[in-house]
Amino acid sequence: MSKLVARIPAMAKAAVESTTPKLNTFVRYAKVELVPPSPAEFGAVAQGLGNIVKSAQTGAWKNLTVKEATLNTLVAVEVMCWFFIGECIGKGSLVAYQV
Amino acid sequence: MASLAAPVRVSPLIKFGRWAALLTGIVYGSSHFKSLKAKETILREEEAKQAVIRNAQLEEEKKKLNRDEMIYLAGQAGVKVPADF
């Protein structure tokens, strides 16, 4: 048992060393892809919403290719999943409301 | 990993949608949890009070049934039941 405990610092160091490059790549992508929109981009946000509303009103959404529509659906599903992730965080449990 | 692809420039609408959904989810999850927890604590207190009464009632019923069963068994076995049983 004492040998196991003596190996823990070495194992921790090895774990950190092996995960640092992966963490670096994650941060490299996250800084571009996952960061919230800066105030400068709010104009584009409003424009995007306006585009969606207009396309729904004029019926232009019927002219999308099926591939584009599938991609849009997948992106919408991904955004909905973030809501569920937030709900799990808010309720403090993964599976159920532990009342 | 030899050559990593360049990070994708995600559209601001999607980024805004993701973060809005995440924050809305956190707020909704925490508020829904609080309301459910409040209802459940009220129910639990009610149950605790009722449990005391119910346990007493169940104890009485058990004793009565035990007594009746012993009397029946005594009748079957031909044992005379004492007067103060």
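Read along its sequence, chain A follows the pattern α-α-α, with three helices and zero strands (helices being DSSP runs of H or I of at least four residues, strands E runs of at least two, numbered from the N terminus). The radius of gyration of chain A, taken over C-alpha atoms, is 22 Å, well over the 13 Å that the globule rule (2.2 Å times the number of residues to the power 0.38) gives for 99 residues, so chain A is more spread out than a compact globule. This is a predicted model, in which local features need pLDDT of at least 70, side-chain atom pairs count only at pLDDT 80 or more, and totals for chains, interfaces and linings use all residues. Residues are numbered from 1 along each chain as its sequence is written, chains are lettered from A and ligands numbered from 1 in the order in which they are written, and side-chain values use heavy atoms, with hydrogens and water left out.

**Chain A: extent and first helix**
- The C-alpha trace of chain A spans about 75 × 40 × 30 Å along its principal axes.
- Helix H1 of chain A covers residues 2-33, which is 32 residues.
- From first C-alpha to last, H1(A) reaches 45 Å, close to the 46 Å expected (1.5 Å times one less than its number of residues).
- At Ile8(A), H1(A) bends by about 35° (the angle between axes fitted to the seven residues ending there and the seven starting there).
- A proline, Pro9(A), follows within four residues.

**Chain B: extent**
- Chain B contains one helix and zero strands.
- Its radius of gyration is 33 Å, well over the 12 Å given by the globule rule for 85 residues, so chain B is more spread out than a compact globule.
- Along its principal axes, the C-alpha trace of chain B spans about 95 × 40 × 15 Å.

**Burial**
- In chain A, 14% of the 99 residues count as buried (under 20% relative accessible area, 1.4 Å probe, protein chains only).
- In chain B, 12% of the 85 residues count as buried.

Conventions
Buried < 20%, exposed > 50% of the residue type's maximum accessible area, 1.4 Å probe, protein only.
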